[in-house]
There are 2 protein chains.
Amino acid sequence: MTLDEGKQKFLQSWGTLGSSWGINRTMAQIHALLLVSPESFSADEVMEQQQISRGNANMNKRALIDWGLVHKELKPGERKEFFIAEKDMWEVVKCIITQRKKRELEPILNILDELSDVQGAGKDAEAFTDVIRDIKLFSSKADSTLERLTKSDSNWFVGTFMKLIK
Amino acid sequence: MTLDEGKQKFLQSWGTLGSSWGINRTMAQIHALLLVSPESFSADEVMEQQQISRGNANMNKRALIDWGLVHKELKPGERKEFFIAEKDMWEVVKCIITQRKKRELEPILNILDELSDVQGAGKDAEAFTDVIRDIKLFSSKADSTLERLTKSDSNWFVGTFMKLIK
DNA sequence: TAACTCTTTCATTTTTTTCTGAAAAGAAAA
DNA sequence: TTTTCTTTTCAGAAAAAAATGAAAGAGTTA
C-alpha cells in the first residue's frame, strides 16, 4: 500500500470511528489529517485537502483546539495561522478523556445525585433507587479512575495497564 | 422530587448521554424506561409510555436485545411478547463494552494492521508510521484490557479499580 | 382453512445534524 | 486612515439519521 492510499484509508476509518462515538466525521478526519502530517496546515490547505468549505473548516478546527488536540502555530513572516496536531498519543488520550469526562460524565453524576432522593414507596420506587444507586456507584468509580488516569504520566498508565492485562 | 419526576428526568438524561455517545436517543430512553421498572413491558406499553410508533419501538427494542441489554419474557396465557432489562449493572457494562469493542475497536485494529506496512520514505512516511504504531499500541492495550475486564466477575472489577482509585 | 393477534419490514416523511458561502469582523500592512 | 489579507459568524441549504404507519409476515386459535 502506498503512503497516499494508507493516509486515505486512515482518514476514512478515523472519521467512521469518530462518528460512531458521537464525534462529527469531518472533525475526526481533519484530526487524522493533522495527526499523520509532520507539517502544520493553514485553513486553506485543510479546505483543499478535505474538499470542505471555509466555514466548516473553521468550525471543526476550533473544536479541535477546544479539545486540546490541535494547536495554533504562527510562522514568522506569514499572516495566516497554521495548525498542528498534538502528536504524543498519551496526551491525545488524556485530552479526549478529560473533555468527555467534563462534558458528559460529570453532568450525569450531578443528575444522579439529585435523583438519589426521590420520594415514593413500593416496588417501583425501590427499583428506581436501586438502579440509580448502582449507576452512581459505577459512574463515580469511573470518574475517579479517569481522574487519576489523566493526572498520571504515560509510564504510570503503561505500567498499571500492563499489570492488568497480564 | 416525586418518583415520576425522577423517572422522567432520568429518561431524559439517559437519552441525552446516549446520543452524545452515538446511541440513538430513543433506544437509550427505552433502555432507561425498562431499567427502572421492575415489571416487563409489552410493545404497546413502550409505545404509549414513550409516545412513539410501533415501527420505532420495534426497531429499538430489537437493537437493545442485540446488545444483550434487554430480554424477552413470555407470560403464560399472553400472546404478546414482553421485554425486561438486564438489571445487574455489571452485566450492563459488560454488554456495552463487548458490543462496542466488537463493532468498533476490533475493526480499527484490523485496519491499523494493514496500515503498518505502507510503502514510502521521507518525513511524511515516517510521521505516518509513527502515528499508526502509537495508535496500535494504545488500541491493542485497550483491547486486551477490555477483553480481560469482560471476562472477569464483578468482584474482580470492583477490587482492581478500588486499588486504582484508592 | 379462515379469522385473529401480534411482530416485522420498509418506502416515505420528519427531524436533526452538518455544511456552505457570503457578509461581518478583526488584524496587519501601506 | 485606507487597503489588504485572514478569520469568524450565521442564516439558509443539503445531507444524514430517525420516525412513521400501512402492509406484509408469522404464529394462534376457532
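**Where the two chains meet, and where the DNA sits**

In this predicted model, 44 residues of chain A are in contact with 44 residues of chain B, contact meaning that the C-beta atoms of two residues, placed from the backbone, lie within 7 Å. On the chain A side, α1 (3-20), α5 (89-115), α6 (123-151) and α7 (154-165) each chip in with at least two residues; helices here are DSSP runs (H or I, at least four residues), numbered from the N terminus. The largest share, 13 residues, comes from α6(A).

So what does α6(A) look like? With 29 residues, α6(A) reaches 42 Å from its first C-alpha to its last, close to the 42 Å expected at 1.5 Å a residue (the expected span is 1.5 Å times one less than the number of residues). Its buried residues are Phe128(A), Val131(A), Ile132(A) and Ile135(A), where buried means that 20 or more other C-beta atoms, placed from the backbone, lie within 10 Å of a residue's own. These pack against α5 of chain A, and also against α1 (3-20), α2 and α5 (89-115) of chain B.

Now for the DNA. Around strand D there are 18 residues, and Gly55(A), Thr26(B), Ser53(B), Gly55(B) and Asn56(B) come nearest; a residue counts as near if its C-beta atom, placed from the backbone, lies within 6 Å of the strand. The largest share of this surface, four residues, comes from α4(A).

Residues are numbered from 1 along each chain as its sequence is written, while chains are lettered from A and ligands numbered from 1 in the order in which they are written. Local features need pLDDT of at least 70 and side-chain atom pairs count only at pLDDT 80 or more, but totals for chains, interfaces and linings use all residues.

Conventions. A residue is buried if 20 or more other C-beta atoms lie within 10 Å of its own, exposed if 12 or fewer, and partly exposed in between; C-beta atoms are placed from the backbone.
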